[in-house]
Amino acid sequence: MKLSFFGADQCVTGSCHCLEVNGKKILIDCGLQQGRDEIDNAALPFAPGSIDYVLITHAHIDHSGRVPMLIKQGFHGRIVTTRLTADLLSIMLADSAHIQESDAAYQNRKNERAGRPAVEPLYTVEDAMRLNQFLDTCEYGQTIELCEGVKATFIDAGHLLGSASIRLELTEDAEKRTVVFSGDIGNVDQPIIRDPQFFTDADYVVMESTYGDRNHTEVWSYTDELAQIIDETLGKGGNVVIPSFAVGRTQELLYFIREIKDKGLVKSVKDFPVYVDSPLAKAATTIFCGDLRGYLDDEARELVKDGTAMFSFPGLHLTETTDESKLLNMDTTPKVIISASGMCDAGRIRHHLKYNLWKPNCAVVFVGFQSPGTLGRTLLDGAEKVKMFGEDVAVRAKIVNFQGLSSHADHDHLMNWIGQFRDSHVQHVFVVHGDRDVAPLFAENVQRLGFAAHAPQYTEEYDLITCQQTARGYLPERKKVTFESGGGKTSQAYQRLLQMGDSLMALIRRSKGRDNKSLAAFAEAIKKLIERFDF
Ligand SMILES: [Zn+2]
C-alpha cells in the first residue's frame with residue numbers, strides 16, 4: 001500500500017497523487033501544470049496504461065487538465081467523479097484541448113519558418129471528447145466500491161460546483177488504512193454553492209494549502225460594492241471590464257448582477273447591458289442553469305424553488321462568435337463586459353482591455369487572484385502603460401481590486417478543516433498545493449495542532465502500512481514566465497516596495513492574539529512610517 005506524489009508538490013498547479021493497493025493504481029487528480037509551475041506537461045512519472053482508476057476532485061484544469069493526455073497515451077481504466085464535475089469536465093477539457101491545438105499550430109508556423117520540426121499538441125479536442133467513454137459518476141455522500149479492497153466517498157468541498165474531498169478506505173492483506181484527499185477546499189459564505197463539508201476520521205490526510213499564509217479581507221457586501229463601481233462608471237459613459245474565470249467566478253458575478261438589478265442599485269443607466277464574452281463561460285452558465293439538486297446552498301435552493309433564474313436578467317447577452325465579440329468594441333453604449341481569461345494573459349479579455357484601458361471614464365475590475373508575472377498583476381501593481389498586440393496602451397481607466405471573492409479557504413479555515421481530525425488517529429498529514437514558501441510553513445502550523453506533517457516533494461513515496469518514506473522526491477526547476485509588458489513594467493524598487501507591503505500585511509495578520517500593548521506599539525510604529533513617507 002503506497003502513496004506517491006506526482007504533482008502540486010510545493011506548487012499550486014498540476015495536482016496528481018497516486019495510491020497503489022492490491023496491485024491497482026489509483027490517481028487522485030491529474031492536472032495540468034500552468035504558469036511558472038510548468039515543467040513539462042508531456043512527461044509523466046508513470047505509464048498511463050498502468051493506471052486503473054482516476055478520481056477527480058473537481059473540474060479546474062490544474063486538477064483535471066492532463067486526463068485527455070492519459071487517454072491519448074493509452075489509459076484504459078475508469079474515471080470517477082461527481083455528476084456536476086463530469087458535466088463541467090466535458091466543456092473545460094474540450095476548451096483546454098482547443099488551446100493545446102492552437103498553441104501547437106502557432107508554434108508550428110514559427111517552426112516551419114525556422115526550419116525546425118513540427119510539434120504535436122499535448123492532446124486534441126478529439127482526445128478530450130473520448131472522456132465520456134471512461135466516466136462513471138457519483139453523488140455526494142455515496143460510498144462506491146472501486147475494486148476489491150477500495151471504497152471511495154466524495155463529499156462537498158465547497159470550492160466549485162461539483163467539487164469534492166475524497167475519502168478512500170483501503171484494505172490489503174487484512175490491513176486497513178483510510179486516506180482523505182482534501183481537493184481544493186472552498187471558502188465559506190460563497191454564493192450558489194455550499195460551505196465545505198468535513199471528514200473527521202483518517203489515517204492519512206493529503207491537504208491543500210493555497211492560502212496557507214494569509215486570511216481573506218472581510219467585505220461587507222459584494223453586491224453593494226459592485227453596484228457602486230458599475231453605477232459610477234456607467235454614469236460617466238464608460239464601460240466596466242471584468243476579467244474573470246469562465247467557470248464559477250463568472251456565474252457568481254451574474255448572480256450578484258441579477259441581485260443588483262432586482263434591487264435597482266444602479267441608478268445612472270437603468271437596464272444596463274451586460275455581456276459575457278467567452279464561449280466557455282456561456283457553456284458553463286448553461287450547466288449552472290441545469291439540474292443542481294444536491295449541489296446548492298440554502299439561499300440558491302430557495303431562489304430556484306421560487307422559479308427565479310439565478311443567472312439571467314434583462315440586458316444579459318452571452319456572446320459566442322468572435323464577430324459578436326468584435327462588435328462590442330464598436331458599440332458606444334455604456335456596458336459591463338465580463339470576459340476570460342481571469343488573469344488577462346490570454347483570450348478575448350485582452351481585446352477588451354486594449355479598447356478600454358486608455359479611456360479615463362472606464363474601469364477594470366479584478367475579481368480574482370492575479371499571479372505574479374501576469375498582465376493582471378502588472379495592472380494591479382500600477383503600470384502606467386502596457387504593451388498589447390505590439391502596441392503601447394496607456395493605463396488611464398480606473399483599476400479596481402475587488403477583494404474578498406475567493407473560492408479557496410484561507411489560513412484560519414484551512415486550520416479549522418484539518419482541526420476536524422483532532423480526535424482521530426491521523427498518522428501523517430501531507431501538505432500539498434501550496435507554493436514553495438507557503439506549503440512547508442503551513443505544514444509547521446499543522447504540526448502545532450499535534451499532527452505529524454510535512455510538504456512532500458515531487459516523486460516522493462510512502463509506505464502506508466509502515467508509515468515510512470520509501471523514496472525521496474525533488475523540487476523541479478521552474479520555467480521562467482515572461483509576457484509582453486514593454487515600457488509599462490514597474491521599476492524593481494517599486495516591486496520590492498510592494499513585496500515588503502505584503503510582508504507587513506502578513507506580519508499584521510500573524511500578530512492577531514498578541515497582547516494589546518504590543519499591538520498598540522506596532523500600530524503606532526506603522527503610523528509613524530506612513531507619516532514619514534506620505535508625500
Ligand atoms: Zn480549484
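Reader: Let's start with one residue. Which residues does Val-179 touch, leaving out those up to four places away in sequence?

Author: First, the general idea: two residues are in contact if their C-beta atoms, placed from the backbone, lie within 7 Å. By that test, and not counting residues up to four places away in sequence, Val-179 touches Leu-3, Leu-19, Leu-168, Leu-170, Ala-202, Asp-203, Tyr-204 and Val-206. Residue numbers run from 1 along each chain as its sequence is written. Keep in mind that this is a predicted model: local features need pLDDT of at least 70, side-chain atom pairs count only at pLDDT 80 or more, and totals for chains, interfaces and linings use all residues.

Reader: What is pLDDT, and what does the chain average?

Author: It's the predictor's confidence in each residue, from 0 to 100. The chain averages 91 here, and 96% of the residues score at least 70. Over residues 481–489, though, pLDDT is below 50, and this stretch has 25 contacts in the model beyond near neighbours in sequence. Where pLDDT is low, the predicted coordinates should not be read in detail.

Reader: Back to Val-179. Which residues have the most contacts inside the largest nonpolar core?

Author: You need two terms. A residue is buried if 20 or more other C-beta atoms (placed from the backbone) lie within 10 Å of its own, exposed if 12 or fewer, and partly exposed in between. A nonpolar core is then a set of buried Ala, Val, Leu, Ile, Met, Phe, Trp, Tyr and Cys residues joined through C-beta atoms within 7 Å. The largest one has 137 residues, and Val-54, Val-179, Val-205 and Val-431 have the most contacts inside it. Helix α3 (residues 83–114) gives the most to this core, with 8 residues. Domain 1 and domain 2 each supply at least three residues.

Reader: How is the chain divided into domains?

Author: The bounds come from an automatic or database domain assignment. Domain 1 covers 2–215 + 407–471, domain 2 covers 222–401 and domain 3 covers 497–532. Taken over C-alpha atoms, the centres of domain 2 and domain 3 are separated by 35 Å.

Reader: How do I read the helices: is α7 mostly covered or hardly covered?

Author: Helices (H or I, at least four residues) and strands (E, at least two) are DSSP runs, numbered from the N terminus. Helix α7 (residues 279–288) is mostly covered, with 7 of its 10 residues buried. Pro-279, Leu-280, Ala-281, Ala-283, Ala-284, Thr-285 and Phe-288 are the buried ones, and they pack against α3, α6 (249–263), β13 (274–277) and β14 (316–319). Helix α8 (residues 298–305) is hardly covered: the count of buried residues among its 8 is 0. After α8 comes Gly-307, with a positive phi near 90°.

Reader: And sheets? In what order do the strands of the 6-stranded one come?

Author: Two strands pair if DSSP finds at least two bridges between them. This open sheet runs β14-β13-β15-β12-β16-β19, with parallel pairing. Its edge strands, β14 and β19 (398–401), each pair on one side only. For a close-up, take β12 (residues 240–243) and β15 (residues 336–339), which are joined in the parallel sense by 4 bridges. Within this pair, Ile-242 has Ile-338 as its bridge partner.

Reader: Which helix lies across β13, β14 and β15, and at what angle to β13?

Author: For angles, axes are lines fitted to C-alpha atoms (for helices over the stretch in contact), and values run from 0 to 180 degrees between N-to-C directions. Helix α9 (residues 322–330) lies across those strands, at about 140° to β13. Helix α10 (residues 349–356) also packs on the sheet, touching β12, β15 and β16 (363–366), and its direction makes about 150° with that of β12.

Reader: What is the pairing in the open sheet of 7 strands?

Author: Mixed, with the order β7-β8-β9-β10-β11-β20-β21. Strands β7 (143–147) and β21 (453–454) are the edges, each pairing on one side only. An antiparallel pairing over 4 bridges links β7 to β8 (residues 150–156), where Cys-147 stands opposite Val-150.

Reader: Last one: why does Arg-478 count as partly exposed?

Author: Because it has 14 C-beta neighbours inside 10 Å. Arg-478 is found in the loop between β23 (468–471) and α14 (492–510).
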